Amino acid sequence: METKTGKRINIRYKCRLDDGRVYLVGEHNTLEFVVGTGRVPPVLEEGLMGMARGDHRVIRVPANEANLFPFPLGSHFAFSTDRAPGVAYDFGPGAGGDVSLSLGRRDYREPLPSDQDVFFEIEMLSVEAA
């Protein structure tokens, strides 16, 4: 079944900017929605048309539409530390050895620059009747 208006689809996505920076969305890198409801930027929705389960595609979304995408809280740019900014760790003794405790998480998302397009690397997970 191919993507068209009125179909319920589920996508996995990864985002990067013109300058190569990767925008991480954490564990919430999938999105399910009905095509044609305005949930995602119009250019992205257009680019998804005709995709079937298992298809991959890179879709360029202009900077002026990128923030229309429902990025989850905690989304941020990748850093070389392999740790999300805003997350701290505290180490201390515990029963059976040392333990770590994760302190705090981001409850906001890092904004995208307003002058760079976003490239969505899409994998179509499912296409169904709505």
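The chain exposes about 7,700 Å² (Shrake-Rupley method, 1.4 Å probe), and carbon and sulfur atoms supply 49% of this area. The model is predicted, so local features need pLDDT of at least 70 and side-chain atom pairs count only at pLDDT 80 or more, whereas totals for chains, interfaces and linings use all residues. Residues are numbered from 1 along each chain as its sequence is written, and side-chain values use heavy atoms, with hydrogens and water left out.

Two helices (DSSP H or I, at least four residues) and eight strands (E, at least two), numbered from the N terminus, follow one another in the pattern β-β-β-α-β-α-β-β-β-β. Of the 130 residues, 36% count as buried (under 20% relative accessible area, 1.4 Å probe, protein chains only; exposed is over 50%, partly exposed in between).

The interior comes next. The largest nonpolar core (buried Ala, Val, Leu, Ile, Met, Phe, Trp, Tyr and Cys joined through side-chain atoms within 4.5 Å) has 26 residues. Ile 11 and Phe 120 are among the members that touch the most others. Elements giving two or more residues to this core include β1 (7-17) and β8 (118-129). Ile 11 has contacts (heavy atoms within 4.5 Å) that include Leu 31, Leu 48 and Ile 122.

Charged pairs complete the picture. Six salt bridges are counted (a side-chain nitrogen of Lys or Arg within 4 Å of a carboxyl oxygen of Asp or Glu). Glu 32 pairs with Arg 8 at 3.6 Å; Glu 32 lies in β3 and Arg 8 in β1, so the bridge ties together parts 24 residues apart in sequence. Glu 121 and Arg 16 meet at 3.1 Å, linking β8 to β1 across 105 residues.

Methods: Lists of a residue's contacts leave out its neighbours within four places in sequence.
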